[in-house]
Amino acid sequence: NGVIHGIGDKPLLGNQELTNVLQFVSETQELVSVVVARGLADGIGGSDVGTVFAPNNSAVSGNSETIDNLSDEEVQSVLEYHTLADETDSGALLSLLSDNDGQVTVTTRQGEDLVIAQDGDGNVLLNPTDEGAQATLDTDNVDFEGTNNITHVIDGLLIPPSFAQPSITQARSQARQAISGGDDASATVTVQGTVTRAFGAYARFQDDSGPTGASGL
């Protein structure tokens with residue numbers, strides 16, 4: 001029931017909490033849908049959010065299966081992994097990278113570290129690896145400022161390192177190490193593989209992490 005006046009392509013959102021900021025940005029509508037559907041708007045909508053790296057619509061829809069398989073608590077944790085305690089606009093971020101040889105490691109509000117780097121073409125990468133980064137900063141959609149929060153749009157979903165699933169080979173190795181060290185080997189781990197046989201209560205599945213290829217349970 002009002003009119004929004006913008007300067008350039010940025011709406012004036014300086015008195016808005018994070019959830020409202022995300023609602024005004026066209027590239028983050030899918031993220032808003034997830035937050036609202038999970039009832040987490042109050043959890044990320046406070047005034048003291050800091051810096052937010054918000055996945056764009058394609059990043060959220062492209063990872064819908066991953067998101068659907070997460071509990072509400074895990075989704076909250078993923079959201080917090082996309083946020084930093086301090087407000088950092090794009091200019092300050094680029095200066096920080098320039099002063100640190102193109103790469104910095106920052107601690108997220110979720111508690112785990114996030115690596116931010118700049119490649120030779122000037123792209124800002126989040127959690128880069130040899131196989132590619134989890135996300136790239138969308139430099140056309142940065143610096144959406146709200147009440148003690150600033151949002152930058154990214155093109156991927158950031159997954160906390162602790163969410164990574166071990167391979168079947170890694171799970172077996174962890175169990176062997178625990179047994180040989182006299183530790184409790186009853187810890188629960190989650191692995192993923194392809195079911196190759198199922199008969200009654202018996203099931204076998206495998207992945208390709210073994211020394212010669214397949215490794216099964």
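Trainee: In this model, what is the bridge partner of V104 in β6?

Mentor: I116 is that partner. Keep in mind that the model is predicted.

Trainee: What makes β5 and β6 count as paired strands?

Mentor: The test is at least two bridges between them. β5 (residues 103-107) and β6 (residues 113-118) are joined by 5 bridges. So the two strands pair. They run antiparallel.

Trainee: Which residue of the β5 and β6 hairpin takes a positive phi?

Mentor: G111, with a phi near 110°. The hairpin has 5 residues between its strands.

Trainee: Why are V104 and V106 called buried?

Mentor: Buried means under 20% relative accessible area. V104 and V106 are buried, so each falls under that cut-off. Both point to one face of β5. Q103, T105 and T107 point to the other face and are not buried. In a regular strand, side chains alternate between the two faces of the sheet.

Trainee: How do you know that R38 makes a polar contact with L70?

Mentor: The cut-off is 3.5 Å between N or O atoms. A polar atom of the R38 side chain lies 2.9 Å from the backbone oxygen of L70. That is within the cut-off, so the pair counts. For the backbone oxygen of S71, the distance to a polar atom of the R38 side chain is 3.5 Å.

Trainee: Where does R38 lie, and what else is it in contact with?

Mentor: R38 lies in the loop between α2 and α3 (41-44). Leaving aside neighbours within four places in sequence, its contacts include I67, D68, D72 and V75.

Trainee: What makes a space a cavity, and how many of 30 Å³ or more are there?

Mentor: A 1.4 Å probe must fit but be unable to get out. The structure holds 2 such cavities. The largest has about 110 Å³ of space. Two elements, α2 (29-37) and α6 (72-81), each give two or more residues to its lining. The largest share is 3 residues, from α6.

Trainee: Why is H82 not counted among the nonpolar residues of that lining?

Mentor: H82 does line the largest cavity. His is not on the nonpolar list or the charged list, so it counts as polar. The lining has 10 nonpolar, 1 polar and no charged residues.

Trainee: What is the volume of the largest pocket, and which residues are closest to its centre?

Mentor: The volume is about 320 Å³. Of 13 lining residues, T66, N69, L70, F163 and Q165 are closest to the centre. By class, the lining has 5 nonpolar, 6 polar and 2 charged residues.

Conventions. Residues are numbered from 1 along each chain as its sequence is written. This is a predicted model: local features need pLDDT of at least 70, side-chain atom pairs count only at pLDDT 80 or more; totals for chains, interfaces and linings use all residues. Side-chain values use heavy atoms; hydrogens and water are left out. On a 1 Å grid over the protein atoms alone, a cavity is a set of points where a 1.4 Å probe fits but cannot get out, and a pocket is an open set with protein on both sides within 12 Å along at least five of seven lines; lining residues have an atom within 4 Å of a point. Grid points are joined across faces, edges and corners, and a volume is the space filled by probe spheres set on the points. Helices (H or I, at least four residues) and strands (E, at least two) are DSSP runs, numbered from the N terminus. Buried means under 20% relative accessible area, exposed over 50%, partly exposed in between (1.4 Å probe, protein chains only). A polar contact is a pair of N or O atoms within 3.5 Å; within protein, one must be able to donate a hydrogen and the other to accept it, and residues adjacent in sequence count only if both atoms are side-chain atoms. Contact means heavy atoms within 4.5 Å.
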